[in-house]
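Q: Please take a close look at the strand pairing in this chain and at the cysteines. I would like the cut-offs stated along the way.

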Amino acid sequence: GVTVSYSSDNESVVKFTDAADKKVLNVLALGEANVTITVNYNGTTATKTIKVVRAGEPVFEALTVKEAINTPKGEEVTVMGIVAGGVANQKTGFYLIDETGVIAVKMLDADQLAKVAQGNKVVIKGKREQYNQTDALPGQTCIVDAELVHNYFGEHEYSTATFQESSLLTISKYPAQTDYTTQVYIIEASYYAQGYTVLLKNGQDSIALYCSGSGQYAWLASYATDKVLTMEVALCNWNKKDPYKAYVLAVYLEDGTKVVNPTNFAS
C-alpha cells in the first residue's frame, strides 16, 4: 500500500521517466537539481529532498607519455595515459600508453596498483628513471614509485599509433647499448618454452622473453605455442643484460581478437 514518487526542480539536469514499469533517473547535463522523494502510506505523507550534482571531469596538468619519456632522469612527472599490459617480475608494473608513446610504470606499492585496472584512463605521478642504467647500457626507461593522482576509469583500448611493424629477426639484433625500451613492435611469432628456455620464435629466428619462468606466460602458451600469430612486443632491460629480452604486451588471435597481457592484473 505504499506509493513513492519522485520529482526534479531542474529537468534539464535531472529528469525522471518511466520504462518497463520502472522509474528511471536520467542525468542529462552538468549542473544541480533538487530531487524530492514523496512517500504516501495509509494517509500519511513523508518527503525528503536531496541535491544531485553532476560535475565535470577534473582537469589536470599532465604530460603526454612522450613528454614524460623526454623528461630528464630523476625528475618527477605527472602523466596521463591508458593502463595496458602488466610487466612480469615487476609486481606493481604495467605499460602506460597514449597516442604519443609507451612507457613502463612501477607503482609505489600493491595498494597503488590496486587502484587501477587495465583499460583505465589514469593520471599518475612518479619519478622518471633509467632503471639499472650502467656506463654501457641505458637500462629501462620507466616511471618508478608512481602514485595514482586520478582515475577516469573506463575500459579504453590503448592507442597503437606509435607502434612499428617489424620482424623478430630485426628486433633481435637491436643493440642493448641503445635505448629501445619505449617502442612497441608488431611482429609475427610463436611461443616456445622448454625448461628454463622461454622464447618467441619464427622459423630459425628467436628472442628470449623477459620472465622468471614459463608460468608467467601461461596466458600466451594456450594461444601461440607452435602457432605463428601477430604480437605487440616491447624490448626491455630491467636487469643490466645484453642482449635485450622481449616482452609481449598483447597477441592477436586468428579471428582478430586481441588478448592483452594480464600479468599483475589477473584475479
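A: The answer below starts with the basis of the model, then follows the strands and ends with the cysteines.

This is a predicted model, in which local features need pLDDT of at least 70 and side-chain atom pairs count only at pLDDT 80 or more, while totals for chains, interfaces and linings use all residues. Residues are numbered from 1 along each chain as its sequence is written, and side-chain values use heavy atoms, with hydrogens and water left out.

Strands here are DSSP runs of E with at least two residues, numbered from the N terminus, and two of them pair if DSSP finds at least two bridges between them. Strand β9 (residues 121-131) is joined to strand β6 (residues 76-86) by seven bridges, and the two run antiparallel; in this pairing G81 stands opposite V122 of β9. Strand β9 is also joined, again antiparallel, to strand β10 (residues 140-153), here by 10 bridges, with E129 standing opposite C142 in β10.

An open sheet is formed by three strands in the order β1-β4-β5, with antiparallel pairing. Its edge strands, each of which pairs on one side only, are β1 (3-8) and β5 (44-54). On average, neighbouring strands of this sheet are turned by 20° against each other, direction ignored, where axes are lines fitted to C-alpha atoms and angles run from 0 to 180 degrees between N-to-C directions. Six bridges hold the antiparallel pair of β1 and β4, and Y6 stands opposite I37 of β4. Strand β4 covers residues 31-41 and includes Y41.

The cysteines can be taken next. The structure holds zero disulfides, a disulfide being a pair of cysteine sulfur atoms within 2.5 Å. C142, the residue opposite E129, is in no disulfide, and the nearest cysteine sulfur, that of C236, is 11 Å away. C142 is buried, because its relative accessible area is 0% and buried means under 20%, with exposed over 50% and partly exposed in between (1.4 Å probe, protein chains only). For C211 the closest cysteine sulfur is likewise in C236, and because the two sulfur atoms are 9.6 Å apart, they are too far for a bond. C211 also counts as buried, at 14% relative accessibility.

A loop residue can be set beside these: G203, between β13 (197-202) and β14 (205-208), is exposed, with a relative accessible area of 57%. The C-alpha atoms of G203 and L169 are separated by 9.8 Å, the two residues being 34 residues apart along the chain.

Terms used: Helices (H or I, at least four residues) and strands (E, at least two) are DSSP runs, numbered from the N terminus.
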